[in-house]
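Hi,

Here is the structure I promised to pass on. Have a look at it first, and my notes follow underneath.

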Amino acid sequence: MKAGDESGADAASDTTGTTGTTTVRPAAPSDAAAMARVHVESWRATYRGVVRDAVLDDPTFLPRREGFWNTALTDARFVANRIAVAEHDGEVVGIAMSGPVDAEVHLFVLYLLDGHHGSGAGNALLDAVVDLADRVTLWVADPNPRAQAFYRKRGFARDGTEQVDDGVREVRMVRPPAN
C-alpha cells in the first residue's frame, strides 16, 4: 500500500466505543509522533495476515511513519491537505487526512485505535477532512469488511476499480457530492 494512501483500514464501526471525552481537531506538527503511533498500531491490528509481517514488524516502521507525518504537517506541498486527529481524554486515538487529486477529494488516511470503534470518532474524523459537497474517493484493502461497511454507511460505494499495491488487493470506493 502506498504511503499516505491507505485509507479506511481501521475506521470506526459497529462495536461499542469507549466512555470519556473524544474531540476532533486539526492536526499540529507536535502531533506527528502520536499520529505515527496510531498509524502503526492500526496497521498492525488490521493488516496482520494481509500485509507481509516483515512490513508490520520492521523496526523502522514507526520512525518512517513519524517522518511521513512530520512532512505532511510541515511541508508546503501538503498545504491543501486536511489533516485531523481524534483525542480521547487528551490522547491521540485517531487520524485522518484528505487532499485534492484530479479535481476531486481523496481520503488518504482514516484510522482509529482498537477500542475506539463505534465511538463516533470515525464519523467526526471523516467530517473534519471532507465536505458533503465534495466527490470523495478512497482506496481500501480487500478484504476489510469493517472499513468497507463504515464507508458504505457514509454513502461510499465500490466503483469496480481494483489494484494490487505491495501485494495487497485494494478496491476504490466513491462518494458523490450531496445535492
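Alanine 86 sits opposite glycine 94, which belongs to β3. That pairing is part of an antiparallel match between strand β2 (residues 82–88) and β3, with seven bridges. The two strands make a hairpin with two residues between them, and aspartate 89 in the turn has a positive phi of about 50°.

On to the next strand: β3 also pairs with strand β4 (residues 104–112), again in the antiparallel sense, over eight bridges. Here isoleucine 95 has tyrosine 111 in β4 as its bridge partner. β3 and β4 form a hairpin too, with two residues between them, and its turn holds aspartate 102 with a positive phi of about 50°. Strand β3 (residues 91–101) has eight of its eleven residues buried, so the rest of the structure largely encloses it.

Keep in mind that this is a predicted model. The average pLDDT for the protein is 88, and 89% of the residues score at least 70. Residues 1–17 are below 50, though this stretch has 81 contacts in the model beyond near neighbours in sequence.

Now the rings. I get five aromatic pairs. Tyrosine 151 and phenylalanine 156 are edge-to-face, because their ring centres are 5.4 Å apart and their planes meet at 70°, where over 60 is the cut-off. Both tyrosine 151 and phenylalanine 156 are buried. Elsewhere, ring pairs join Trp43, Tyr47 and Phe61 into a cluster. There is also a charge over a ring: the charged end of arginine 65 lies over phenylalanine 68, 4.7 Å from the ring centre.

Cheers

Note on methods
Residues are numbered from 1 along each chain as its sequence is written. This is a predicted model: local features need pLDDT of at least 70, side-chain atom pairs count only at pLDDT 80 or more; totals for chains, interfaces and linings use all residues. Side-chain values use heavy atoms; hydrogens and water are left out. pLDDT is the predictor's confidence in each residue, from 0 to 100. Contact means heavy atoms within 4.5 Å. Rings of Phe, Tyr and Trp (its six-membered ring) pair if their centres lie within 6.5 Å; planes under 30 degrees apart count as stacked, over 60 as edge-to-face and the rest as tilted. Buried means under 20% relative accessible area, exposed over 50%, partly exposed in between (1.4 Å probe, protein chains only). A charge sits over a ring if NZ of Lys or CZ of Arg is within 6 Å of the ring centre and within 35 degrees of the ring normal. Helices (H or I, at least four residues) and strands (E, at least two) are DSSP runs, numbered from the N terminus. Two strands pair if DSSP finds at least two bridges between them.
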